[in-house]
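User: Please take a close look at one part of this model for me. I want the charged pairs first, then whatever they sit beside.

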Amino acid sequence: QVQMVESGGGLVQAGGSLRLSCAASGSIVDINRMAWYRQCAGIQCELVASITPKDTINYADSVRGRFTISRDSAKNAVYLQMNSLKPEDTNVYYCTGLILADSRGNYDNYWGTGTQVTVSS
């Protein structure tokens, strides 16, 4: 069983910063890509940022230059530093991990339950 647990969400004024954290736990053999998504009501979830084990990073155009994704492989963790936050960044943020669990023969994508980020104007 693998779990992804996010933390660090909250309420912040426009222009402020937040740091999201996500840790994977359980019977983990290996973690490949890790990413942050945010939920957009009525349309497909938006990929905010992703990072591979070799630190290949992608950002959504809407956050590039303001958000920074990083990972700590030793802790099975991924982080999202969010600076210069805007009201339109308000959303539920989910972390995901492409994980090989020791009970499985292939990598599966695991999701956290989400953390709320609210940016006031």
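Analyst: Arginine 66 and aspartate 89 meet through their side chains in a salt bridge, 2.8 Å from N to O. Keep in mind that this is a predicted model. Arginine 66 sits in the loop between strand S6 (57-59) and S7, and aspartate 89 in the loop between S8 and S9, so the pair ties together parts that are 23 residues apart in sequence. Both arginine 66 and aspartate 89 are buried.

This pair belongs to a network. Arg38, Glu46, Arg66 and Asp89 are linked by salt bridges. Within that group, arginine 38 and glutamate 46 form a salt bridge, with their closest N and O atoms 2.7 Å apart. Arginine 38 has a relative accessible area of 5%, so it counts as buried. Glutamate 46 is partly exposed, at 22% relative accessibility.

The structure holds 4 salt bridges. One of them joins arginine 64 to aspartate 61, the closest N and O atoms lying 2.6 Å apart. Here arginine 64 is partly exposed at 47% relative accessible area. Aspartate 61 is exposed, at 66%.

Now to the core. Arg38 is among the contacts of tyrosine 93. Other residues that tyrosine 93 touches include Glu6, Leu20, Trp36, Val48, Phe67, Leu80 and Met82. The largest nonpolar core has 28 residues, and Trp36, Leu80, Met82 and Tyr93 have the most contacts inside it. Strands S1 (2-7), S3 (18-26), S4 (28-38), S5 (46-51), S7 (67-72), S8 (77-82), S9 and S11 (115-120) each supply at least two of its residues. In soluble globular proteins, nonpolar side chains tend to be buried together.

There is also a covalent tie. The count of disulfides is 1. Cysteine 22 and cysteine 95 form that link, with sulfur atoms 1.9 Å apart. The link is right-handed, with 40° about the S-S bond. Cysteine 22 lies in strand S3 and cysteine 95 in strand S9, so the disulfide ties together parts that are 73 residues apart in sequence. Cysteine 22 is buried at 2% relative accessibility. Cysteine 95 is buried too, at 0%. Cysteine 45 is partly exposed, at 32%.

Next, threonine 96. It is found in strand S9, which covers residues 91-101. Threonine 96 is buried, with a relative accessible area of 0%. Leaving aside neighbours within four places in sequence, threonine 96 contacts Met4, Arg33, Met34, Ala35, Tyr37, Asn109, Tyr110 and Trp111.

Strand S10 comes next. S9 and S10 pair in the antiparallel sense over 5 bridges. A hairpin of 5 residues joins S9 to S10. Glycine 97 has tyrosine 110 as its bridge partner in S10. Side chains alternate along S10 (residues 107-111). Asp108 and Tyr110 point to one face and are buried. Tyr107, Asn109 and Trp111 point to the other face and are not buried.

Last, threonine 115. Tyrosine 93 touches Thr115. Threonine 115 is found in strand S11. With a relative accessible area of 11%, threonine 115 is buried. A polar atom of the threonine 115 side chain lies 3.2 Å from the backbone nitrogen of glycine 9. Beyond four places in sequence, the contacts of threonine 115 include Glu6, Ser7, Gly8, Gly9, Leu20, Asn91 and Val92.

Terms used. Residues are numbered from 1 along each chain as its sequence is written. This is a predicted model: local features need pLDDT of at least 70, side-chain atom pairs count only at pLDDT 80 or more; totals for chains, interfaces and linings use all residues. Side-chain values use heavy atoms; hydrogens and water are left out. Helices (H or I, at least four residues) and strands (E, at least two) are DSSP runs, numbered from the N terminus. Buried means under 20% relative accessible area, exposed over 50%, partly exposed in between (1.4 Å probe, protein chains only). Contact means heavy atoms within 4.5 Å. A nonpolar core is a set of buried Ala, Val, Leu, Ile, Met, Phe, Trp, Tyr and Cys residues joined through side-chain atoms within 4.5 Å. A disulfide is a pair of cysteine sulfur atoms within 2.5 Å. A polar contact is a pair of N or O atoms within 3.5 Å; within protein, one must be able to donate a hydrogen and the other to accept it, and residues adjacent in sequence count only if both atoms are side-chain atoms. Two strands pair if DSSP finds at least two bridges between them.
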